[in-house]
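The following exercises concern a ligand site, the domains around it and several individual residues. Please work through each task with the sequence and the structure at hand before reading the solution.

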Amino acid sequence: MSAQPDLLYSGTENDLRAAVRSLLTDRADTPALLARVESGDPYDTSLWDTLAAGIGAAGLLIPEKLGGQGAGHREAAVVLEELGRAVTPAPYLTGSVVATEMLLALDTQAPEVADLLEALATGHRVAVPALPLTTAPDDAPPAGGPVNAVADAVRADVLLVPRPDGLYAVEAAEVTLTPQTPLDLTRPLATVAPLGEDTPGTRIADAPTARAAVRRGLLAGAGLLASEQLGLAEWCLEESVRHTRERHQFNRPVGSFQALKHRMAQLWVEIVNARAAARAAADALATGSPDTPLAVALAQAYCSQVAVHAAEECVQLHGGIGMTWEHPAHLALKRAKADSLAFGTPGRHRQSLATLADLPAPG
Amino acid sequence: MTDAAELRDRTRALLRAHPPATTDRTDFLRARFDAGLAWVHYPPGLGGLGAPRSLQSVVDGELAAAAAPDNDPRRIGIGLGMAAPTLLAHGSDEVKQRFLRPLWVGEEVWCQLFSEPGAGSDLAALSTRAVRDGADWVVNGQKVWTSSAHVARWAILIARTDPDVPKHQGLTYFICDMSHPGVEVRPLRQITGEAEFNEVFLTDVRIPDAHRLGGTGDGWRVAQTTLMNERVSIGGARLPREGGMIGPVATAWRERPELRTHDLHQRLLALWVEAEVARLTGERLRQQLVAGEPGPEGSGMKLQFARLNQEISGLEVELLGEEGLLYDDWTLCRPELVDFTGREAGYRYLRSKGNSIEGGTSEVLLNIIAERVLRLPAEPRTDKDVAWKDLTR
Ligand SMILES: Cc1cc2nc3c(=O)[nH]c(=O)nc-3n(C[C@H](O)[C@H](O)[C@H](O)COP(=O)(O)OP(=O)(O)OC[C@H]3O[C@@H](n4cnc5c(N)ncnc54)[C@H](O)[C@@H]3O)c2cc1C
C-alpha cells in the first residue's frame, strides 16, 4: 500500500482559503449572484481578474517558469471549495484545472503550449476543453463534429479540441458557439461546432499524447470537483442549520425537532467523510501518487452524492422559502445535481472502482 | 520537552535492559510502564513522560520491530479507554499510584458499571444507591449489560447519593471492588449465543471513601470524562485499506466468482466506497490529533462504523448463499474479548447490531452532534429541574 495521504490543510492553504472567501463574500454574495444569473451573463470579469491574477488562483497548477504559482492540486482544491460554497460562476474548474492540466501534459517547451499556459496563468486568457461536461476520465473523447454541453465555452478565448489526429487549440472566434439552456445557471453550457474546414486551429499534440492529456485533464477535473462538492455541501448544511434555528413553528425553533436534527447531524457526518475523500484525491493528484485513479474515483463516487443530498435537504428544510427563486438554495441544488453528472456519475466511478479495487462484475 | 530521538533512545535502553526474548511478559510490561513508555503523554511516574501523544508511535514502532510483547489492548479496552483517563483526571495521587500500573499491564481488568435496567440512554436517571456509613459507602442496586464483568477485578461505578435533587446533581462516581462478596455477576446471553455482557447485582457492597472519584454529587461531571473517551477511542487505530469488515467480503468476492450477482456487485461497490472513505476519515482524524488540532469529527466515526459494519456483514451473509444460512457456534461461552474477524459472517452480522447500541446509541449520538457540534436548539425537557425521586419511572 502506498504512503498515507496528507489529509489536513496547510497554513498556506488556509491563508489562500481566507483570501478567496473574503473576495467572494465582498463581491459575489447572493444578491449579486442572482442578478448576474438573471442577466444571462453570469460571469463577473473583474471578479475573475482578482481571483485569477490578484490572488493568483488561475496559475496554481502552472510551474513558475511558465508564469504560474508553482503550487498544486491541494491549493487549487481549496479554491474550489470556496467557489463551491459561493456557487460562483467562473471558468476555474474547466479552465484553470482541466484545460491547464491537459496543456501541462504536452510538450511545455513548445512555444504554442508555453505561450498559452503563460496567458492562462494570469487569467488573461481562458481555455476550456471542447468536451461534454459529462465526460469521465476513461471515456473516449468525441471524434469530431459538434460537441454539446461544453461548460464555460462562452467564457473561453481558446478551445482545446480533441480530434482523431491529435489535440488542437482553436480560437473561440473560429468556432460556432450556440449557448444551451443549462440546469445549472452558474455553469453555462454551449454547443461547439467547427466553423469550417479552413479554420482548424493549431495542432498542439499528436493522437497518443492528446489521448493521455485528455485523460490527465479529466482525472484532475474529477478529483478536484470533489472539493467543489464539499464546499457546496458545507454551505447547504450551514444554511439549513441557520434557518432551522431561527424559524419558529409550534412555539419552538423547528431546528429543535429531533426529526430535523438527526437529518442535519447525518449530513454533518457525510461532510466529515467527504472532506477526507476530497483531500485524499487532491493529495494524490498533487503528489502524482500511483493511487490517483482510485482516489479520484472514490472521491467522485462519494462526494457527488453528499453534495446532492445536502442541497436537497437544504431545500426541504427551508420549507416554502426553499422553493423560491429569491433564496439561493436552488442555485446550490442545480449546481449539485449538475456536478453529479460532471466528469462521470457516481455509478460510473463505482464501475471504475470495480477494476481499480479488483472487485470484478459477475460473469 | 521529550522529542522523538529521546524516546527512541529510551525505548532502546528498555529493550537492552529487558530483552523481550528472555524476559517474562509481565515483567517486561511493568518495566516499560516504569520507564514512562506505556503511554508517553501520561505524567512521569504514571507510565508516561508528559510527552506529546503523537510520539507514542515512535515507541510502538521500536517495540514492534523488536517483537516486544504488548498489553493486549483488546482485552483491557474498558480499562485503557475509559477507566484510565477518568482515574488520571479525577483520582487522588494514591489512587493513581495504586491502579494505573496493573490496569495498563493488564494484570487487573476493569469493567464499567453504568447502565441499569431503568437507565440506558438516560444514564443520569440511574437508581443504584450509595449511602455513606463512616469511612465507607454502602452500595445497593442492579447494573446491566456490563461487558467483561466476569473477568474484571475493578469497576468504574456511578451511583445515586442524593435522590432529593435533580438527577444530574445527585450522582457520585466510585471505584468498585468486583471481588467484594456483595457483587454478584450473572451472565446475560446475547443474540450471538455467547455472554459477553452480564447483569451485576450489588448488595451492601462497601466502598471506602478513598475510592470516590471527584466530589460527592459530582459524578455526572466525572462521567463525562469517561464517556468522551469511550467515543473518541474508536478513531485511534490506523487501518490498512480493507482492514475493517469490508475485508472478508471483498476476499470472498474475489475468490468465489460463482457467488457474484449484479445486484450484489452494485451494493458491494457502494459499501466499499463508504468503507474506504470512512477509513480515510479515521486517518484524517488521527492526523488532526497528531497535529494537535482535534476536532469534533470523532463523534461521527462511531455512527459511521456502526452502520457500515451492519450493512457490510448483512451483505456478506447474503453473498454466501446456502452457507449464509449456517452459523458457526451457538454454544454459550463467556469470551474475554470481542473478536469480529475470528468468527464467521453470521456472527459478524449479529454482533455488529450492538455497534449502534453500545457506548451510546446512534440516535443519541445524532442528538449530541446536532446539539454540541451544530448547536441546534435542545428539545424541550421535562426532567431537568425535578428532584430525581419525583421523576416518572
Ligand atoms: C454489546 C453491548 C455492550 C455493552 N456494554 C456495556 C458496559 O460494559 N457497561 C455499561 O454500563 N453499559 C453497557 N452497554 C449498555 C449501553 O450503553 C446501553 O444499552 C445504551 O446506552 C442504550 O441504553 P438502553 O439499552 O437502556 O436503551 P434505551 O435507552 O432504552 O433506548 C431504546 C431506544 O430508544 C432510543 N432513544 C433513547 N433515548 C433517545 C433520545 N433522547 N432520542 C432518540 N432516541 C432515543 C435509543 O436510541 C434506542 O433505539 C452495552 C450495550 C451493548 C449492546
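**Exercise 1. Placing the ligand among the domains**

Task: determine which domains of chain B give residues to the shell around the ligand, and where the ligand therefore lies.

Solution. Domain 2 (109–217) and domain 3 (223–373) of chain B both contribute residues to the shell, so the ligand lies between them. The full assignment for chain B also has domain 1 (9–65); such bounds come from an automatic or database domain assignment. Taken over C-alpha atoms, the centres of domain 1 and domain 2 of chain B are 33 Å apart.

The model is predicted: local features need pLDDT of at least 70 and side-chain atom pairs count only at pLDDT 80 or more, while totals for chains, interfaces and linings use all residues; side-chain values use heavy atoms, with hydrogens and water left out. Residues are numbered from 1 along each chain as its sequence is written, and chains are lettered from A and ligands numbered from 1 in the order in which they are written.

**Exercise 2. Describing the shell and its contacts**

Task: state which residues come nearest to the ligand, which chains surround it, and which polar contacts can be listed.

Solution. Step one is the shell itself, where a residue counts as near if one of its heavy atoms lies within 4 Å of the molecule. There are 17 residues around the ligand, and those that come nearest are Ser115(B), Ser121(B), Trp145(B), Thr361(B) and Glu363(B). Because residues from chains A and B surround the ligand, the site is shared between chains.

Step two is the class of each residue. The shell has four nonpolar, ten polar and three charged residues. In this scheme Ala, Val, Leu, Ile, Met, Phe, Trp, Tyr, Cys and Pro are nonpolar, Asp, Glu, Lys and Arg are charged, and the others, Gly among them, are polar.

Step three is the polar contacts (pairs of N or O atoms within 3.5 Å; within protein, one must be able to donate a hydrogen and the other to accept it, and residues adjacent in sequence count only if both atoms are side-chain atoms). A ligand nitrogen is 2.8 Å from an N or O atom in the side chain of Ser115(B). A nitrogen atom of the ligand is also 2.8 Å from a polar backbone atom of Trp145(B). For Thr361(B), the pair joins a side-chain N or O atom to an oxygen atom of the ligand at 2.7 Å.

Step four is the area. The ligand taken alone exposes 970 Å², of which the protein buries 68%; accessible areas come from the Shrake-Rupley method with a 1.4 Å probe, and for residues only the protein chains shown count as cover.

Step five is the secondary structure, in which helices (H or I, at least four residues) and strands (E, at least two) are DSSP runs numbered from the N terminus. In chain B, β3 (136–147) and α11 (362–373) are the elements that give two or more residues to the shell. With three residues, β3(B) gives the most.

**Exercise 3. Positive phi values in chain B**

Task: locate Asp204(B) and Arg375(B), and decide whether each is buried, partly exposed or exposed.

Solution. The classes are buried (under 20% relative accessible area), exposed (over 50%) and partly exposed (in between), with a 1.4 Å probe and protein chains only. Asp204(B) lies in strand β7 (residues 197–208) and has phi near 50°, a positive value in a residue other than glycine. With a relative accessible area of 45%, Asp204(B) is partly exposed. Arg375(B) lies in the segment after α11 of chain B, and its phi is near 60°, again positive in a non-glycine residue. Arg375(B) counts as exposed at 55% relative accessibility.

**Exercise 4. Annotated regions of chain B**

Task: give the helix and strand content of the regions that UniProt annotates at residues 26–107 and 111–205 of chain B.

Solution. In an unreviewed entry, UniProt places "domain: Acyl-CoA dehydrogenase/oxidase N-terminal" at residues 26–107 of chain B. UniProt positions follow the numbering used here, feature names are shortened, and annotations may be inferred rather than shown by experiment. This stretch of chain B is 56% helix and 0% strand, and its end C-alpha atoms are 8 Å apart. The UniProt annotation "domain: Acyl-CoA oxidase/dehydrogenase middle", also from an unreviewed entry, covers residues 111–205 of chain B. Here chain B is 0% helix and 52% strand, with the end C-alpha atoms 16 Å apart.
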